[in-house]
Amino acid sequence: RVRGLSGARCRVRGAHAAPGTVHRFRRAWYALTVLSLAGATGLQAQTQLVIVSGLGGDPKYTQEFGQLSGALAQAAAKRAGLPDSAITWLGEHGSPKSPWYRGVSTRENLARVFQRLSSSGNAPVVVILIGHGSGEGPETRVSLPGPDMTAADFARALGSFGTRPVAFLNLASASGDMLELLAAPSRVVMT
């Protein structure tokens with residue numbers, strides 16, 4: 001579901017993939033579309049991208065989340081023209097070596113990243129969550145190493161950006177309840 005974009009659609013035809021893969025691909029396509037729009041509007045030098053890959057729970061998912069995160073970071077750098085300094089990827093321990101990997105995706109590290117970005121001017125911010133989620137309402141959460149972050153936590157963090165343009169893409173499972181809680185002026189929220 002998309003809030004903030006009218007008419008956004010994606011169709012995947014003839015896909016023969018594991019259950020959930022097409023759905024994750026579709027969500028990643030939305031993420032890349034947002035990054036492309038940032039590049040098309042001439043904001044690429046200013047846009048800040050935060051990619052968060054949460055706990056995989058199984059080596060298969062850990063690898064998949066890491067690969068998707070790396071591919072999104074690479075697309076942001078190569079296709080949208082974001083400088084390496086504008087891309088922050090937080091992931092699990094043992095995430096692939098990458099110039100964009102900045103550390104483990106703990107709640108504390110996310111809070112530091114959001115604090116740094118909230119005090120760094122009015123540049124647009126794109127936040128992409130990849131992983132497993134659970135819960136309902138304000139307690140909807142993304143599984144992270146250590147304490148998870150809830151929808152209420154993300155609402156407080158995004159609130160610190162004021163009226164800055166923010167795109168928040170939650171590619172995690174069980175993310176639908178975050179849509180209404182995070183919706184705000186100057187913010188695109190996709191779950």
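**Figure 1. Three strands, β6, β7 and β8, form an open sheet with antiparallel pairing.** The strands follow the order β6-β7-β8. At the edges sit β6 (133-134) and β8, each of which pairs on one side only. Between β6 and β7 (residues 141-142) there are two bridges in the antiparallel sense. To find this pairing on your screen, look for serine 134, whose bridge partner in β7 is arginine 141. Please keep in mind, here and in the views that follow, that this is a predicted model.

**Figure 2. The whole chain, for orientation, contains five helices and ten strands.** The chain has 191 residues, and 47% of them count as buried. Its accessible surface comes to about 9200 Å², with 54% of that belonging to carbon and sulfur atoms. How far apart in sequence are the residues that meet in the fold? Among contacts between residues at least 6 apart in sequence, 65% join residues at least 24 apart.

**Figure 3. Helix α3 (residues 107-118) has a buried side and a face turned away from it that carries exposed residues.** The helix has twelve residues, and at 1.5 Å a residue these should span 16 Å; the end C-alpha atoms are indeed 16 Å apart, so the expected and modelled spans agree. Which residues of α3 are buried? They are Asn109, Leu110, Val113, Phe114 and Leu117. These residues cover an arc of only 135° around the axis, which means that they are on the same side of α3. A rule of helix geometry is handy here: an α-helix has 3.6 residues a turn, so residues three or four places apart point the same way. Arg112 and Gln115 are exposed, on the face turned away from the buried side.

**Figure 4. The buried residues of α3 pack against several strands and a helix.** Their strand neighbours are β2, β3 (87-91), β4 (101-104), β5 (125-130) and β8 (149-150). The helix they pack against is α4 (151-159). You have already met β8 as an edge strand of the open sheet.

**Figure 5. Serine 53 is a buried residue of strand β2 (residues 48-53).** Is serine 53 buried or exposed? With a relative accessible area of 2%, it falls under the 20% cut-off and so counts as buried. Leaving aside residues up to four places away in sequence, serine 53 touches Phe65, Ser69, Trp89, Leu90, Gly91, Glu92, Ser105 and Ile130. Leucine 129 also makes a useful landmark: 76 residues separate serine 53 from leucine 129 in sequence, while their C-alpha atoms are 6.1 Å apart in space.

**Figure 6. Strand β9 (residues 166-170) pairs in the parallel sense with β5 and with β10 (residues 187-190).** The pairing of β5 with β9 runs over five bridges, and valine 127 stands opposite phenylalanine 168 of β9. The pairing of β9 with β10 runs over four bridges; here leucine 169 has methionine 190 of β10 as its bridge partner. How many of the residues of β9 are buried? Five of its five residues are, and the strand is mostly covered. Val166, Phe168 and Asn170 point one way, while Ala167 and Leu169 point the other way. In β10, too, both faces are covered: Arg187 and Val189 are buried on one side, and Val188 and Met190 on the other.

**Figure 7. Alanine 172 has backbone atoms close to the side chains of asparagine 170, at 2.9 Å, and serine 175, at 3.2 Å.** Asparagine 170 belongs to strand β9, and its relative accessible area of 1% is why it counts as buried. A polar atom of the asparagine 170 side chain lies 2.9 Å from the backbone nitrogen of alanine 172. Where is serine 175? Serine 175 is in the loop between β9 and α5 (178-182). Serine 175 is buried because its relative accessibility is 2%. From that loop position, the side chain of serine 175 reaches the backbone oxygen of alanine 172 at 3.2 Å. Try following the two side chains in turn: asparagine 170 meets the backbone nitrogen of alanine 172, and serine 175 its backbone oxygen.

Definitions and conventions. Residues are numbered from 1 along each chain as its sequence is written. This is a predicted model: local features need pLDDT of at least 70, side-chain atom pairs count only at pLDDT 80 or more; totals for chains, interfaces and linings use all residues. Side-chain values use heavy atoms; hydrogens and water are left out. Buried means under 20% relative accessible area, exposed over 50%, partly exposed in between (1.4 Å probe, protein chains only). Contact means heavy atoms within 4.5 Å. Accessible areas come from the Shrake-Rupley method with a 1.4 Å probe; for residues, only the protein chains shown count as cover. The expected span of a helix is 1.5 Å times one less than its number of residues. The arc is that of the directions from the helix axis to the C-beta atoms. Two strands pair if DSSP finds at least two bridges between them. A polar contact is a pair of N or O atoms within 3.5 Å; within protein, one must be able to donate a hydrogen and the other to accept it, and residues adjacent in sequence count only if both atoms are side-chain atoms.
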